[in-house]
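User: Please take a close look at one part of this model, and then follow the connections that lead from that part into the rest of the chain. I would like one connected account, with the geometry stated wherever it is available.

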Amino acid sequence: SPDNTKVVEFEGYGCGPCPDGTAAKGCVECDADDCNAWSAKTVAYQCHEGEAKANCTSNSGMNCFSARSNYTGNDEKLKSGGCGTCVENKLNTTECLDCKGDLCNGAGRMAVSFLAPLLAVAYWFS
């Protein structure tokens, strides 16, 4: 059966020993009755969290969050960004933005969303 405490690449389950080569991919043998329940694949990825990269694991996909470009509040968790969705982190979805993918909540992404309105204003004044 898969082990949800680490990154799992092995998605099968059944009776008897793990197939050859699957222990390193997360297959775990068990001896009790009904111990081999299916478990979703767990993925490892990273999200930006402040100036650092946070290591994340999930069995529901690669999700990161960040503050929306127009956020002016002082919630440090929201301003830093991190692993998971806005809802999972109990953050206000009108101030928080979800994205899917490894390091998707990076500074470059936030800079683009900040620069677009700034460039529009500069164009308007020219």
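Analyst: The part to begin with is the hairpin of S1 and S2, where two residues lie between the strands and Gly 50 takes a positive phi near 65°. The model is a predicted one, and every value below is to be read as computed from its atoms. Strand S1 covers residues 43-49 and strand S2 covers residues 52-58, and the two pair in the antiparallel sense over seven bridges. At the turn end of this ladder, Glu 49 stands opposite Ala 52 in S2. Strands of a sheet pair through backbone hydrogen bonds, either parallel or antiparallel.

The beginning of S1 is held by Val 43, which counts as partly exposed because its relative accessibility is 22%, while the cut-off for a buried residue is under 20%. Leaving aside neighbours within four places in sequence, Val 43 is in contact with Cys 56, Thr 57 and Ser 58, and also with Gly 61 and Met 62. The C-alpha atoms of Val 43 and Ser 60 are 8.4 Å apart in space, although 17 residues separate the two in sequence.

Two disulfides start from the hairpin, out of the four that the structure holds. In one of them, Cys 47 is joined to Cys 64 with an S to S distance of 1.9 Å. The torsion about this S-S bond is about -80°, so the disulfide of Cys 47 and Cys 64 is left-handed. This pair links distant parts of the chain, with Cys 47 in strand S1 and Cys 64 in strand S3, 17 residues apart. Are the two partners buried or exposed? Cys 47 counts as buried at 0% relative accessibility, and Cys 64 is likewise buried, with a relative accessible area of 0%.

The other disulfide from the hairpin joins Cys 56 to Cys 83, S to S 1.8 Å. Its torsion about the S-S bond is about -65°, so the link of Cys 56 and Cys 83 is left-handed. Cys 56 lies in strand S2 and Cys 83 in strand S4, 27 residues apart, and the pair thereby links distant parts of the chain. Cys 56 is buried, with a relative accessible area of 4%, whereas Cys 83 is partly exposed at 23%.

Both links lead from the hairpin to strands of another sheet. This open sheet has three strands in the order S4-S3-S5, with antiparallel pairing. Strand S4 (82-83) and strand S5 (96-100) stand at the edges with a single partner strand each, so one side of each is left without a neighbour in the sheet. Strand S3, residues 63-67, pairs with S5 in the antiparallel sense over five bridges, and within that pairing Ser 66 stands opposite Leu 97 in S5.

A further disulfide is formed by Cys 86 and Cys 96, whose sulfur atoms are 2.0 Å apart; with -85° about the S-S bond, this link is left-handed. Here the connection runs from Cys 86 in the loop between S4 and S5 to Cys 96 in strand S5, ten residues apart, and again links distant parts of the chain. Cys 86 is buried at a relative accessible area of 1%, and Cys 96 counts as buried at 2% relative accessibility.

The loop between S4 and S5 also holds Lys 90. Most residues other than glycine have a negative phi, and yet Lys 90, which is not a glycine, has a positive phi of about 55°. At 77% relative accessibility, Lys 90 counts as exposed. Leu 103, in the loop between S5 and helix H2 (107-125), also has a positive phi, near 55°, but is partly exposed, with a relative accessible area of 23%.

Helix H1, residues 76-80, holds Glu 76 and Lys 79 three residues apart, and the two are therefore separated by about one helical turn. The side chains of Glu 76 and Lys 79 meet in a salt bridge of 3.3 Å, N to O, and the count for the structure comes to one. Lys 79 is partly exposed, at 40% relative accessibility.

Taken along the sequence, these elements follow the pattern β-β-β-α-β-β-α. Of the 126 residues of the chain, 29% count as buried. Among contacts between residues at least 6 apart in sequence, 47% join residues at least 24 apart.

Conventions. Residues numbered from 1 in each chain as written. Predicted model: local features only at pLDDT ≥ 70, side-chain atom pairs only at ≥ 80, totals over all residues. Heavy atoms only, no water. Pairing = 2+ DSSP bridges. Helix = DSSP H or I, 4+ residues; strand = E, 2+ residues; numbered from the N terminus. Salt bridge = Lys/Arg side-chain N within 4 Å of Asp/Glu carboxyl O. Buried < 20%, exposed > 50% of the residue type's maximum accessible area, 1.4 Å probe, protein only. Contact = heavy atoms within 4.5 Å. Disulfide = S-S within 2.5 Å.
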